[in-house]
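Please look over the sequence and the model below before reading on. The text after them is meant to be followed with the structure open.

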Amino acid sequence: MRLLIADDEHLIRGALVALLSLEPDIEVVASAENGVVAYEQAVTTRPDVCLLDLEMPEADGVEAAGRILAQVPTRVVIVTRHARPGVLRRALASKVSGFVPKSMPAEDLAQVIRDVAAGRRYVDPEIAATALTAERCPLTDRELDALRHSRSPLSVQQIAERLHLAQGTVRNYLSSAMTKLGASSRHEAAEKAWEQGWI
């Protein structure tokens, strides 16, 4: 079984590579430090399973999973230290097959990887329970796009350019999102959306 591992923490990535390489049926064919590199390596190496950290720079695990699954016939397991409520919904919508905490023992993780490679799904029970009790996202996809970019120091003009929209349209999306979330600024609204796992 060919495995790609992506985690921006060098020590954790190295430990995962070392521990999972000890499994007789798992071959680690690539390791990446962010979501963009993970996507590039997945396209090149065509792994059977991609093990992606949720919190990574450039593109988070869910975003990277969406890109990878659109191009490569593989399966994805997301690993996270902090499962924010809406993240599981985002992951499942991106066709992710597994969702596990970083606290999971290596031998259990290896079994999840085998199960996912065989076509099954695995979601950690505690993460699933948290997701089930979380409030639904009141924001539209476009509002979420605008807020996602608001977590960076980009100006409204730069966000508009990235989204290929008019500045006024982006301002309207941000204003609507701020109203729905009871936030006094776009940055506060973006932080609230992030804490819920919606972006």
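What follows goes from one strand and its neighbours to the nonpolar cores, then to a helix pair and a single alanine.

The model is a predicted one. A convenient starting point is strand S5, residues 98-101. In a regular strand the side chains alternate between the two faces of the sheet. In S5, Gly 98 and Val 100 lie on one side, while Phe 99 and Pro 101 lie on the other. All four of these residues are buried, and both faces of the strand are thus covered.

S5 has strand neighbours. Strand S4, residues 75-80, runs parallel to S5 and is joined to it by 4 bridges. Thr 80 has Pro 101 of S5 as its bridge partner. Strand S6, residues 122-123, also runs parallel to S5, with 2 bridges between them. Here Tyr 122 of S6 stands opposite Gly 98. Between S5 and S6 the chain passes through helix H5, residues 106-117, and this β-α-β crossover is left-handed.

The next topic is the nonpolar interior. The largest nonpolar core contains 24 residues, and Leu 4, Leu 52 and Ile 78 have the most contacts inside it. Elements that contribute two or more residues to this core are strands S1 (2-6), S2 (27-32), S3 (49-53) and S4, together with helices H2 (35-45), H3 (61-71) and H4 (85-93). H3 supplies the largest share, 4 residues.

Ile 78 can be followed in detail. Leaving aside residues up to four places away in sequence, Ile 78 touches Leu 52, Leu 54, Gly 61, Val 62 and Val 96. Ile 78 also touches Gly 98, Phe 99 and Val 100, three residues that belong to the buried strand S5. A second core, separate from that of Ile 78, has 19 residues, including Leu 147, Leu 154, Val 156 and Leu 163.

Val 156 leads to a helix pair. Helix H8 (residues 156-163) packs against helix H9 (residues 167-181) at an angle of about 105°, and their axes are 9 Å apart. Angles of 65 to 115 degrees count as roughly perpendicular, so H8 is roughly perpendicular to H9. On the H8 side the contact is made by Val 156, Gln 157, Ile 159 and Ala 160, and on the H9 side by Gln 167, Val 170, Arg 171 and Leu 174.

Last comes one residue of helix H1 (residues 10-21), Ala 15. Is Ala 15 buried or partly exposed? Ala 15 counts as partly exposed because its relative accessibility is 36%, and partly exposed residues fall between the limits of 20% and 50%. The C-alpha atoms of Ala 15 and Ala 106 are separated by 9.6 Å, although the two residues are 91 residues apart along the chain.

Notes:
Residues are numbered from 1 along each chain as its sequence is written. This is a predicted model: local features need pLDDT of at least 70, side-chain atom pairs count only at pLDDT 80 or more; totals for chains, interfaces and linings use all residues. Side-chain values use heavy atoms; hydrogens and water are left out. Buried means under 20% relative accessible area, exposed over 50%, partly exposed in between (1.4 Å probe, protein chains only). Two strands pair if DSSP finds at least two bridges between them. A crossover is right-handed if, with the strands pointing away from the viewer, the path from the first strand over the helix to the second runs clockwise. A nonpolar core is a set of buried Ala, Val, Leu, Ile, Met, Phe, Trp, Tyr and Cys residues joined through side-chain atoms within 4.5 Å. Contact means heavy atoms within 4.5 Å. Axes are lines fitted to C-alpha atoms, for helices over the stretch in contact, and angles run from 0 to 180 degrees between N-to-C directions. Angles under 35 degrees count as roughly parallel, over 145 as roughly antiparallel, 65 to 115 as roughly perpendicular and the rest as oblique.
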